Structures are given as structure tokens and as C-alpha cells.
Amino acid sequence: MTEKKSFETKFSDFRKRIDSMDWSPDGLNVKQNYPYLSNQKMKGNISKALVENGLGWELRFVDLQPLPGVGERMSQHFILKAEAKIFDSEDFSRFVVWEAYGEGADTGDKAISKAQTNAFKNIIANNLLVSEFDAVGESIIDSNESAKMAGESLSYQDKKEMAKDLVLKMHPAEPVQTVKTVDG
């Protein structure tokens with residue numbers, strides 16, 4: 001018979017599993033030239049670690065509040081609170097609760113979804129110490145912001161080249177292998 005693990009042991013094993021997972025950026029914001037850790041990868045990793053350790057997850061979004069628009073174009077702007085509960089799937093009375101806020105703005109109808117994604121990422125980053133950016137991504141964001149503050153702007157071609165370099169750094173191309181034929 002398998003020994004029943006305590007919630008504390010399951011939760012500790014969950015944290016260890018989170019620390020051992022790949023949290024490298026898997027997305028690329030081509031418009032602003034930086035890599036990022038996608039919501040899909042974060043959810044996939046968290047889900048695997050929860051299941052492996054006999055834990056469940058409940059996420060609620062509450063306290064949705066409209067905010068003034070951002071600039072002329074982003075009229076939809078919201079803030080909300082996320083409440084995440086991680087519980088023992090064998091004993092629902094054992095759990096931890098985390099809270100975080102998220103904000104999102106959009107020109108159309110995606111501001112609430114953006115706020116939810118931001119809140120989810122904040123819960124993960126703040127409680128599991130998972131960063132959305134790596135050193136390369138942060139330095140690129142800093143470079144872009146520095147250029148903006150200096151009144152400079154990068155050309156479309158410069159941005160395109162930076163994006164290409166980032167993609168190749170994140171996913172290096174395999175060398176082309178030539179096949180020798182009998183004739184040559």
C-alpha cells in the first residue's frame with residue numbers, strides 16, 4: 001500500500017517540480033522586439049506539476065473595475081483581482097490561497113482577457129518566483145525604452161533584424177546536412 005503524503009509534502013514536491021521545469025521564453029513580441037514566457041506555457045507547466053503531486057487548482061477573477069482609457073485608442077481598460085487556491089485533491093480542507101491584481105487595456109474587446117492573463121502571470125511570478133522575462137528579454141526592453149526616452153526610434157528593418165536574432169537565439173537552426181549520392 002502506498003503511503004499517503006501530507007499536503008505539506010505534496011506542496012513542497014510541487015514547488016521542487018516547478019523549480020526544475022523549463023521557464024524560458026517561448027513567445028516573441030515582434031512589434032516591441034522582446035521574448036516572453038507565454039500564458040500557455042505557464043498554464044501547461046503548472047498543470048503538469050499539480051497533477052504529478054496530487055494537487056488541484058481553482059482560479060477566480062473578482063472585483064472587476066473599469067479604468068480611464070489609455071491614450072486615444074485604448075478605450076477599454078480594466079483592473080481585477082485573481083484568487084488562486086491550490087488544494088489537496090484527497091483532502092479539500094488543506095489548501096493555500098494566493099491573490100494578485102492584473103490590469104489590461106485594449107482597443108477592442110480583449111482588455112478583460114488581458115487583465116486576467118496579467119493577474120494569472122502575477123500569481124505565478126510572485127508566489128512561485130517564475131519570471132516572465134530572461135536577461136536577454138529584459139535588456140531588449142531596456143534598450144527600446146532607452147531609445148524612446150532619448151527621442152530615438154528603431155526602424156522597421158532594425159526591429160525585424162532584432163526579432164530574427166531573438167528567434168535564432170531562442171531556437172537555433174540545425175545545420176543543414178548534405179547527403180552524398182552515388183554519382184557525386
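Student: Which residues of α1 are buried?
Tutor: This is a predicted model, in which local features need pLDDT of at least 70 and side-chain atom pairs count only at pLDDT 80 or more, while totals for chains, interfaces and linings use all residues. Residues are numbered from 1 along each chain as its sequence is written, and side-chain values use heavy atoms, leaving out hydrogens and water. Helices (H or I, at least four residues) and strands (E, at least two) are DSSP runs numbered from the N terminus, and buried means under 20% relative accessible area, exposed over 50%, partly exposed in between (1.4 Å probe, protein chains only). In α1, the buried residues are Phe7, Lys10, Phe11, Phe14 and Ile18.

Student: How many degrees around the axis do they cover?
Tutor: An α-helix has 3.6 residues a turn, so residues three or four places apart point the same way. The arc is taken from the directions from the helix axis to the C-beta atoms. The buried residues lie on the same side of α1, because their arc is only 95 degrees.

Student: Which exposed residues does the opposite face of α1 carry?
Tutor: Look at the face turned away from the buried side of α1. The exposed residues there are Lys16 and Asp19.

Student: How far apart are the end C-alpha atoms of α1?
Tutor: The expected span of a helix is 1.5 Å times one less than its number of residues. For the 14 residues of α1 (residues 7-20), that gives 20 Å, which agrees with the distance between the end C-alpha atoms, 20 Å.

Student: Which strands stand at the edges of the sheet?
Tutor: The open sheet has three strands in the order β3-β4-β5, with antiparallel pairing; two strands pair if DSSP finds at least two bridges between them. An edge strand has a single partner, so one side of it is left without a neighbour in the sheet; the edge strands are β3 and β5.

Student: How many bridges join β4 and β5?
Tutor: Ala82 has its bridge partner, Ala100, in β5. The pairing of β4 and β5 is antiparallel, and its number of bridges is 13.

Student: Which helix supplies the largest share of the largest nonpolar core?
Tutor: A nonpolar core is a set of buried Ala, Val, Leu, Ile, Met, Phe, Trp, Tyr and Cys residues joined through side-chain atoms within 4.5 Å. The largest one has 25 residues, and Phe14, Ile18 and Trp23 are among those with the most contacts inside it. Elements that each supply at least two of its residues include α1, α2 and β4. The largest share, six residues, comes from α3.
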